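Here is a short report on one protein model. It looks at packing, then at a sheet, then at enclosed space.

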Amino acid sequence: MGKKKLHIALFFGGNSSEHDVSKRSARNVYDGLDKNKYEVSVFMFAKNGYLLGNKDSMRIFNGEDEDQVLAEIMPKVDFSNPLANIQNISEVKDIDVFYPVIHGNMGEDGTVQGLFRLLNKPWIGSGVASSGVSFDKDLTKQLLTLHGVRNTKYVVVTPENRADFSYEKCSQKLGQVLFIKPARQGSSVGIYKVKNAAEFERALNDAFNYDYKVMVEEAIQNPREVECSVLGNRQPKASKLGAIEIPTGDEFYDYNNKFVDASGVVFDLPVDLPKDLAAEITQMSLDAFRILDNRGLARMDFLVDENNVPYFGEVNTLPGFTNISLYPQLWKVSGINYSDLLDQLIQLAIDEFNDNAKLHYDFVELGQEKLPDSLQKD
């Protein structure tokens, strides 16, 4: 009798702007998981936040129109059940490991990680707090600055303080060219490069559609985009480095370059950098992984200026796994193929779960409450 297969529950979709990207990543992960080792069930979060069961998720996986499947299902859902949105997890039995392939909101921000923790099962990737902090570009930068990891200067604009941050004021502090970014959003959604007051106001208006906390960030002159993939738990290892060259005329590596039309993008994998620069970026990646308390996997993104000074850009705790995604590509050129990478991520999830199971949460029964004299009732 053969060894029992591990049952992996693949979660994808989500009610974020990266819904379709997640579907592509999940398809690749599903195909890459060795079916001799794993039984795989799939669960898709629809754009409305409802979790489809394995059977209906497979229908969408296999090409059925998502909106039509939803239109068929939703009228039958009993929303008086407080667990209605997630009840379909119980459609399959004996899940061993949860694998979220959900980018952005509700996937990378600690939300599903909290669900997995409540269900008391291993999951791939960072914990609840680490995910939440890493997804928030402002909190990430605050922590890294505190620990001496170089990153770009910025200010945070909210609807409440917007009147205090005109283009003129921001440009005096940060330079004429500015980047506008929602603090908690991914895949370059809602990001703008602005050079005057009119562009600044338009960009802020749109960015506030995605978050109530918006970063206004300095621009690095003629930067190179360099990436590093990190793998591990408490003793992480870094991949070789990669660089991205976008088509001439494009302002930055945007959503279109990443997911729609990457035909003009050049991936330099691995990239040949000066030895000292490569070593510095690698060390910054590992330092950031530890400072942010990341687990399993993360892709670290950097900007390198004209003087070969690297600036930490952001961390992606659930990076893309599409055909052109950098996280698996960087490990491929570093000697770990896609299927082996998935095996390692699953084992890291199990290791982290087992480590946490050793922690004690003892409690002491309080017994009869005794109040101080000053609080005694008359």
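Start with tyrosine 99 in this predicted model. Setting aside neighbours within four places in sequence, tyrosine 99 is in contact with Ile8, Ala9, Leu10, Phe11, Val29, Ile124, Phe321, Leu342 and Leu345.

Tyr99 belongs to the largest nonpolar core, which has 41 residues. Leu10, Leu52, Tyr99 and Phe321 touch the most other members of that core. Several elements supply at least two residues each. Among them are the strands β1 (6-13), β2 (38-45) and β3 (97-101). The helices α1 (19-32), α2 (54-61), α3 (66-73), α11 (326-333) and α12 (338-357) do so too. Helix α12 gives the most, with seven residues. In soluble globular proteins, nonpolar side chains tend to be buried together.

There is also a second, separate core. This one has 22 residues, including Leu144, Val149, Met300 and Val304.

Next comes serine 25. This residue lies in helix α1. Is serine 25 buried or exposed? Serine 25 counts as buried, because its relative accessibility is 0% and the cut-off for buried is under 20%. Beyond its neighbours within four places in sequence, serine 25 is in contact with Val101, His103, Gly320, Phe321, Thr322 and Tyr338. Phe321 is also one of the contacts of tyrosine 99.

Now the sheet. Four strands form an open sheet in the order β4-β7-β5-β6, and the pairing is antiparallel. Why do β4 and β6 each have one side without a neighbour in the sheet? They stand at the edges with a single partner strand each, so one side of each is left free of a neighbour there. From one strand to the next, the twist averages 25 degrees. Five bridges join β5 to β7. One pairing can be named: proline 182 has valine 214 in β7 as its bridge partner.

The strands of this sheet have these ranges:

| Strand | Residues |
|---|---|
| β4 | 154-157 |
| β7 | 214-218 |
| β5 | 178-182 |
| β6 | 192-194 |

Last, the enclosed space. How many cavities of 30 Å³ or more are there? The count comes to three. The largest cavity holds about 110 Å³ of space. Its lining has 13 residues, and Ser134, Phe135, Lys137, Glu314 and Val315 are the closest to its centre. Two or more lining residues come from each of α5 (128-135), α6 (137-146) and β12 (310-316). Strand β12 gives the most to this lining, with four residues.

How values were computed:
Residues numbered from 1 in each chain as written. Predicted model: local features only at pLDDT ≥ 70, side-chain atom pairs only at ≥ 80, totals over all residues. Heavy atoms only, no water. Core = buried A, V, L, I, M, F, W, Y, C linked by side-chain atoms within 4.5 Å. Buried < 20%, exposed > 50% of the residue type's maximum accessible area, 1.4 Å probe, protein only. Contact = heavy atoms within 4.5 Å. Pairing = 2+ DSSP bridges. Axes fitted to C-alpha atoms, helices over the stretch in contact; angles between N-to-C directions. 1 Å grid on protein atoms, 1.4 Å probe; cavity = no way out; pocket = protein on both sides within 12 Å on 5 of 7 lines; lining within 4 Å. Points joined across faces, edges and corners; volume = space filled by probe spheres on them.
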